[in-house]
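Notebook open, one chain to go through. I want the fold, the core and the charged side chains, in whatever order they come up.

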Amino acid sequence: MSQLLALYNSAGAEQFTAAVCQFAPYFSTITPSFTELRAGRAEATVPFRREITNHLGTVHAIALCNAAELVAGTMTDASIPAGHRWIPKGMTMQYLAKAKTGVRAVADGSNVPWTEPGDHEVPVDIFDEQGTKVFHARITMNIKAA
């Protein structure tokens with residue numbers, strides 16, 4: 001089991017979120033809260049705050065990217081076999097609608113062949129509080145044996 005997943009399971013979502021934001025401080029800019037982490041899936045919420053809005057008063061595109069990378073990275077770590085490592089190599093994204101509320105980011109790696117080294121795309125969808133999909137990303141993760 002990955003150290004991140006073990007921490008999530010033992011410390012709980014709130015302490016886990018705080019630890020991740022200490023380890024990678026940039027994630028704290030979106031004030032995330034994890035709601036789920038397991039092999040193949042991660043989910044976190046991001047509250048609507050003025051600090052992450054753009055000139056239109058909606059959630060800024062980079063805040064959405066930040067949330068996508070957060071859930072994709074933690075889910076990847078929880079999913080890869082012991083003795084492997086990962087690094088993000090790229091991201092493609094689509095802004096589908098204006099996010100005028102807090103959001104929920106979901107990384108679904110259930111169809112990713114985690115035991116195979118190489119580049120794998122992790123899909124991430126972000127939804128507003130009404131359930132409207134506002135953002136979609138595909139994050140390329142490179143998996144290698146350590």
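Before looking at any single side chain I fix my terms: buried is under 20% relative accessible area, exposed is over 50%, and partly exposed is in between. With that cut-off, Lys133 at 36% relative accessibility goes down as partly exposed. I also note that this is a predicted model.

**Entry: Lys133 and its partner**

I looked for what Lys133 pairs with, and found its side chain in a salt bridge with that of Asp125, 3.5 Å from N to O. Elsewhere, salt bridges with shared partners link Glu36, Arg38, Arg41, Glu43 and Arg104 into one network.

**Entry: overall fold**

I counted 3 helices and 6 strands in the chain. Read from the N terminus, the order of elements is α-α-β-β-α-β-β-β-β. The radius of gyration is 15 Å, close to the 15 Å from the globule rule for 146 residues, so I call the chain as compact as a globular protein of that length. Along the principal axes, the C-alpha atoms fill a box of roughly 45 × 30 × 25 Å.

I then checked burial and found that 43% of the 146 residues count as buried. The exposed surface of the chain comes to about 7600 Å², and carbon and sulfur atoms supply 53% of it. For contacts between residues at least 6 apart in sequence, I get 63% joining residues at least 24 apart.

**Entry: the core**

Which residues have the most contacts inside the largest nonpolar core? I get Val122, Val124, Ile126 and Phe135, in a core of 40 residues. Several elements supply at least two residues each, among them helices H1 (3-11) and H2 (13-23), strands E1 (33-38) and E2 (41-46), and strands E4 (103-108), E5 (118-128) and E6 (133-145). Helix H3 gives the most, with 10 residues. As a reminder to myself, nonpolar side chains tend to be buried together in soluble globular proteins.

I followed Phe135 further. Setting aside neighbours within four places in sequence, I find Phe135 in contact with Leu64, Cys65, Ala68, Met93, Gln94, Tyr95, Leu96, Val124, Asp125 and Ile126. Two of the top core residues, Val124 and Ile126, are on that list, and so is Asp125, the salt-bridge partner of Lys133.

**Entry: more salt bridges**

How many salt bridges does a search of the whole structure find? It finds 8. I looked at two more of them by eye.

Lys89 pairs with Asp119, with the closest N and O atoms 2.9 Å apart. Lys89 sits in strand E3 (residues 84-95) and Asp119 in strand E5, so this pair ties together parts that are 30 residues apart in sequence. Lys89 is exposed, at a relative accessible area of 54%, while Asp119 is partly exposed at 42%.

Arg49 pairs with Glu51, and here the closest N and O atoms are 3.5 Å apart. Arg49 is partly exposed at 22% relative accessibility, and Glu51 is exposed with a relative accessible area of 60%.

**Entry: buried acids without a partner**

Next I went after acidic side chains that are buried but unpaired. Asp77, in helix H3, is buried yet has no salt bridge, and the nearest side chain of opposite charge, Arg85, is 11 Å away. Leaving out neighbours within four places in sequence, I see Asp77 touching Ser2, Leu4 and Trp86.

Asp128, in strand E5, is likewise buried with no salt bridge. What is its nearest side chain of opposite charge? I find Arg104, 8.1 Å away, and Arg104 belongs to the network noted above. Apart from neighbours within four places, Asp128 is in contact with Thr101, Gly102, Val103 and Val134.

**Entry: two loop residues**

Thr31 caught my eye in the loop between H2 and E1. Thr31 has a positive phi of about 50 degrees although it is not a glycine. I have Thr31 as partly exposed, at 36% relative accessibility.

Last stop was Asn111, in the loop between E4 and E5. Is Asn111 buried or exposed? At 75% relative accessibility, I log Asn111 as exposed. From Asn111 to Val122 I get 8.9 Å, C-alpha to C-alpha, with their positions 11 residues apart in sequence. Val122 is one of the core residues with the most contacts.

Terms used:
Residues are numbered from 1 along each chain as its sequence is written. This is a predicted model: local features need pLDDT of at least 70, side-chain atom pairs count only at pLDDT 80 or more; totals for chains, interfaces and linings use all residues. Side-chain values use heavy atoms; hydrogens and water are left out. A nonpolar core is a set of buried Ala, Val, Leu, Ile, Met, Phe, Trp, Tyr and Cys residues joined through side-chain atoms within 4.5 Å. Buried means under 20% relative accessible area, exposed over 50%, partly exposed in between (1.4 Å probe, protein chains only). Helices (H or I, at least four residues) and strands (E, at least two) are DSSP runs, numbered from the N terminus. Contact means heavy atoms within 4.5 Å. Lys and Arg count as positive and Asp and Glu as negative; His and the chain ends are not counted. A salt bridge is a side-chain nitrogen of Lys or Arg within 4 Å of a carboxyl oxygen of Asp or Glu. The radius of gyration is taken over C-alpha atoms; the globule rule is 2.2 Å times the number of residues to the power 0.38. Accessible areas come from the Shrake-Rupley method with a 1.4 Å probe; for residues, only the protein chains shown count as cover.
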